[in-house]
Amino acid sequence: MTPLLSLRNIWVEYGDKVVLENVGLDIAAGSFVSIIGPSGAGKSSLLRVILGQEAPTRGSIMLDGAPLAPECGPDRGVVFQRYSVFPHLSALGNTVFGLECAQAPFTARLFGAKRRAAVAEATEMLEAVGLGNSLHAFPAEMSGGMQQRLAIAQALIKRPRILLLDEPFGALDPGIRADMHALITRLWSDYSLTIIMVTHDIKEAFSLGTRVLALDKRRHDPHAPHRYGATAVYDLPLTKPRLAAGPEGAADGITIDTKDNT
Amino acid sequence: MRWVNRRIGRGNGFLLGAIPIALLVLLYLTAAASRHAANPNDKILPMPGAMAEAMAVLLFQPDPLSGQLLFWTDTLASLERLGLGLGISTVSALLVGLLLGALPPVRATFGPLVTGIAVIPPIALLPILFIAFGLGEASKVALIVIGIAPFMIRDVAAHVVALPREQIIKAQTLGAGSWQLMLRVALPQAMPRLIQAIRLSLGPAWVFLISAEAIASDTGLGYRIFLVRRYLAMDIILPYVAWIALLAVAMDFVLTWTSRRLYPWAHGAGH
């Protein structure tokens, strides 16, 4: 089976500073990849490269066997830690926006029957993330957790090939975070998503992911700390029953079957 | 309680705000009364009665030469120039500011030009405007536009540039192109800022209007003030200045109200 996303020999450098060196990855459709690593290990850089927000200095990225343009597109959805939703639009407006962009290239607005269809689809999506009661609320009226739910709904309505999450639950309190874990696990399974998530929380990485990547520097020169970049030092596929006992329960049932240092 | 923690209620706020104004009026009246006690014909600090009499002529009696009610023709002429100047500036700030803010190539090309124009003192350009547009309405409106539009353009552009990068990325992952991004993400979020920029530009706009009218005009609030200055007619100048202040405050109030009304999401507690 050809991988959905494949990164070959990816280097990201800013001037003399090497952030990522020689990253090679194959990501299969339907997987939930957690990326962990210390601060400054290039987790977010890797995500930005996959997202198309920046081009790698060297290397190639293929999505479905086709090279990826160094520009964001509707095939890759994203949820950032903050600022992912538009403050001037209601929850419904935020979610419908993705449909409007595709169907109305000039006005970016829909009218009549098309609008009703789009609103119905967006309402359904908002209900799926648990925002059915806040369709007309503006982001400023929402809690952090609700804003992240909205950001997820917004991304999912485009049915992206890959959903990228950049520390999506980092700013939430533990109770809300557990709810969000349950939500993302359910959505991942309901919509057969492929998810790549960057996180600082190792427990989260293992409980949600089907595969955990740890980024770190293999080499370190104390006199030139930026000389060497990070790469995937651990790549752990986890086998666990999909949605057997919810995300929290699943953490106990993890078996790490390979530990292969690429 | 520390002063930084004191909260002022609505009624108290009104009262506190009125105190310095009332004191200033009282100070003026005392000074005027003492001058009139020394010299009943004093023109420098006229008493309120004299101001009312002088203004009544301008307000209600047609000018024998032109047959017009001078106060109202002055007001209308000035507001027309100000409105045109503000209108043209606002439209250009929105269009140019949005393009400069949202599109890096446009910013790289025209950013330095806008900055260059913005740092020229507009009054230095007034002779050029008089030569180019003549002494009519066009040069006065042009002075206001040249005076405030560059500032407003830069303000709107800076605001659009400062929109979180995450939002711009997110919009693109939702399928938005440059045009859709400008229309649906940048434009609505620039609107409250644009209104804010108009509010801040009102002061300079009045300065340029009064300057232009003082130098070459035959009607307008600034023209009248500078005309009657020759006769030391403080009984007309002071009410005119108060009237200008009142108009400016009213415009500011309307703009704030409009912004809160149309863009409640930009005002936090407003919704």
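This report walks through a few helices of chain B and the place where chain B touches chain A. Keep in mind that the model is predicted.

**Where the chains touch**

Let's start with the contact between the two chains. Chain B puts in 19 residues, and chain A puts in 26 residues. On the chain B side, the elements that give two or more residues are α7 (165-173) and α8 (178-215). Sorted by class, that side of chain B has 8 nonpolar, 8 polar and 3 charged residues.

**Two helices and what they bury**

Now for a look at α5 and α7 of chain B. Helix α5(B) covers residues 122-133, and P122(B), L126(B) and L129(B) are buried there. Those three sit on the same side of α5(B), because they cover an arc of only 80 degrees around the axis. Turn to the face pointing away from that buried side and you find A124(B), P127(B), I128(B) and I131(B), which are exposed.

So much for who is buried; what about the neighbours? Here are the two helices next to each other:

| Helix | Buried residues | Packing partners |
|---|---|---|
| α5(B) | P122(B), L126(B), L129(B) | α6 (137-161) and α8 of chain B |
| α7(B) | K170(B), A171(B), Q172(B), T173(B) | including β6 (76-79) and α4 (144-156) of chain A, and α8 of chain B |

As the table shows, the cover over the buried residues of α7(B) includes parts of chain A. For α5(B), the buried residues pack against α6 and α8 of chain B.

Each helix is also followed by a glycine with a positive phi. Just after α5(B) comes G134(B), with a phi of about 80 degrees. After α7(B) comes G175(B), whose phi is near 100 degrees.

**A pair of packed helices**

Two packed helices are described by the angle between their axes and the distance between the axes. What are these values for α6(B) and α8(B)? The angle is about 150 degrees, and the axes are 8 Å apart. That angle makes α6(B) roughly antiparallel to α8(B), because angles over 145 degrees count that way. The crossing of the two helices is right-handed.

Which residues make this contact? From α6(B) they include L143(B), I144(B), I148(B), F151(B) and M152(B). From α8(B) they include A190(B), L194(B), A197(B), F208(B) and L209(B). Across the whole contact of α6(B) with α8(B), the residues divide into 16 nonpolar, 4 polar and 4 charged. Among the charged ones are K140(B) and D155(B) on α6(B), and R193(B) and E213(B) on α8(B).

Key:
Residues numbered from 1 in each chain as written. Chains lettered and ligands numbered in written order. Predicted model: local features only at pLDDT ≥ 70, side-chain atom pairs only at ≥ 80, totals over all residues. Contact = placed C-beta atoms within 7 Å. Helix = DSSP H or I, 4+ residues; strand = E, 2+ residues; numbered from the N terminus. Buried ≥ 20, exposed ≤ 12 C-beta atoms within 10 Å, placed from the backbone. Arc of directions from axis to C-beta. Axes fitted to C-alpha atoms, helices over the stretch in contact; angles between N-to-C directions. Parallel < 35°, antiparallel > 145°, perpendicular 65-115°, else oblique. Left-handed = near helix turned anticlockwise from the far one by under 90°.
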